[in-house]
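Subject: Handover of a structure and notes on what was found

Dear colleague,

Please find below the structure that I am handing over to you. My notes on what was found in it follow directly after.

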Amino acid sequence: MNIFEQMLSRYEIKTNEQKRNATHQVMQEITLAGLYRGGFFDKAAFYGGTCLRIFHELPRFSEDIDFSLIGKDDKFDLESYFPSIIEEFKAAGRDVVITRKEKKKETKVESAFLKDNTAIYDVKFKTEKDLKIKIEVDIDPPLGFTTEQKLSLMPFSFMTRCFTLPDLYAGKMHALLFRNWKARVKGRDWYDFEWYVRQNVPFDFAHLQIRTKELNGMDIDKETFASMLKERLSSTDINMVKRDVFSFIQNPKELDIWSNDYFLQLADRIKFLQGD
């Protein structure tokens with residue numbers, strides 16, 4: 001059994017969907033290890049749903065791995081770290097290719113964090129190219145966030161620089177407010193929001209204000225935030241929200257309580273970081 005198979009064996013796999021989700025997570029973890037080997041986390045920090053999944057036991061799987069530089073640098077070159085990622089996969093027993101993902105014009109602000117100066121790459125197996133993960137790095141990020149070092153034990157012991165939970169929370173609330181959903185609601189945003197409230201995580205509102213100012217050109221206070229959030233939570237088709245997140249969780253009964261009113265009541269339980 002090679003390292004990749006050993007890491008995959010940690011998961012209970014009964015369906016093809018479960019195998020796909022578990023394989024994605026192992027790929028994500030090995031990618032983090034390769035980036036660590038290359039010194040990537042001297043310059044960048046991990047954030048987003050996959051960060052919550054890997055380091056805070058969020059009970060849903062995630063597809064992409066998102067990073068932010070800790071200081072703006074339009075000359076940053078993610079491709080210089082590719083050899084480290086490829087070698088780490090090889091050491092784990094798998095061969096991968098990494099390709100740049102060309103953005104379509106209409107995806108300039110595809111998500112809360114996707115901008116023209118966000119580098120996007122796909123990591124895929126040479127033999128199973130339908131299994132892939134996407135890497136995004138914001139090279140001109142809104143700042144004002146804090147980071148911490150989080151430990152991984154597989155494929156070896158290493159540290160990943162991550163956003164702290166209050167700033168991860170701020171990024172998620174920005175996504176919930178401003179993500180361009182088009183025809184598809186991203187119910188994973190809603191799932192993560194519920195998790196933050198249930199875990200009693202404090203929300204770094206000051207970082208949300210920085211994100212909103214830089215990405216949306218908007219000054220936002222708590223009253224405006226509450227109004228915008230409740231409008232979105234009350235007006236979105238909750239069945240679309242559920243459909244999006246369904247394949248990423250192991251226990252669909254978690255969603256039985258979900259309704260617009262349920263999320264409006266969660267909004268009243270948001271806890272702000274002390275000093276905000």
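Helices and strands in these notes are DSSP runs, numbered from the N terminus, a helix having at least four residues. Please bear in mind throughout that this is a predicted model.

Pocket and cavity

The second largest pocket has a volume of about 160 Å³. Two helices, H1 (3–8) and H2 (16–37), each supply at least two residues of its lining. Of the elements involved, H2 gives the most, with four residues. The full lining consists of Phe4, Glu5, Leu8, Asn16, Lys19, Arg20, Thr23, Arg94, Phe125, Glu128 and Leu131. Sorted by class, five of these lining residues are charged, four are nonpolar and two are polar.

Rolling a probe the size of a water molecule over the atoms shows where empty space is left. The structure holds one cavity of 30 Å³ or more, and the volume of the largest cavity is about 30 Å³. Its lining is formed by Tyr11, Glu12, Ile13, Gln18, Ala22, Phe61 and Gln250. By class, that lining has four nonpolar, two polar and one charged residues.

Salt bridges

Side chains of opposite charge can pair when their charged atoms come close. In total, the structure holds 18 salt bridges; three of them are described here.

In one, glutamate 63 pairs with arginine 188, with the closest N and O atoms 3.1 Å apart. Glutamate 63 lies in the loop between helix H3 (49–56) and strand E2 (64–69), and arginine 188 in helix H6 (residues 187–198), so this salt bridge ties together parts that are 125 residues apart in sequence. Are the two partners buried or exposed? Glutamate 63 is partly exposed, at a relative accessible area of 33%, whereas arginine 188 is buried, at 5%. The cut-off for buried is under 20% relative accessible area.

Another salt bridge joins arginine 179 to aspartate 189, the closest N and O atoms being 2.7 Å apart. Because arginine 179 lies in the loop between helix H5 (165–178) and H6, and aspartate 189 in helix H6, the pair ties together parts that are ten residues apart in sequence. Arginine 179 counts as buried at 10% relative accessibility, and aspartate 189 is buried with a relative accessible area of 0%. Salt bridges that share partners join both of these residues with Arg60, Lys172 and Asp192 into one network.

The remaining example is the salt bridge between glutamate 136 and lysine 134, where the closest N and O atoms are 3.3 Å apart. Glutamate 136 is buried, with a relative accessible area of 7%. Lysine 134 is also buried, with a value of 15%.

Surface patch and helix H9

Tyr36, Leu151, Leu153 and Met159 make a nonpolar surface patch of about 390 Å². Leucine 151, one of these residues, belongs to strand E6 (residues 147–152).

Isoleucine 238 is located in helix H9 (residues 238–246). Its relative accessible area is 12%, so isoleucine 238 is buried. From isoleucine 238 to lysine 253 the separation is 15 residues in sequence and 15 Å in space, C-alpha to C-alpha.

With kind regards

Methods:
Residues are numbered from 1 along each chain as its sequence is written. This is a predicted model: local features need pLDDT of at least 70, side-chain atom pairs count only at pLDDT 80 or more; totals for chains, interfaces and linings use all residues. Side-chain values use heavy atoms; hydrogens and water are left out. On a 1 Å grid over the protein atoms alone, a cavity is a set of points where a 1.4 Å probe fits but cannot get out, and a pocket is an open set with protein on both sides within 12 Å along at least five of seven lines; lining residues have an atom within 4 Å of a point. Grid points are joined across faces, edges and corners, and a volume is the space filled by probe spheres set on the points. Ala, Val, Leu, Ile, Met, Phe, Trp, Tyr, Cys and Pro count as nonpolar, Asp, Glu, Lys and Arg as charged, and the others, Gly among them, as polar. Patches are made of residues with over 30% relative accessible area and no salt bridge: like charges are joined within 9 Å, nonpolar side chains (Val, Leu, Ile, Met, Phe, Trp, Tyr) within 5 Å. Accessible areas come from the Shrake-Rupley method with a 1.4 Å probe; for residues, only the protein chains shown count as cover. A salt bridge is a side-chain nitrogen of Lys or Arg within 4 Å of a carboxyl oxygen of Asp or Glu. Buried means under 20% relative accessible area, exposed over 50%, partly exposed in between (1.4 Å probe, protein chains only).
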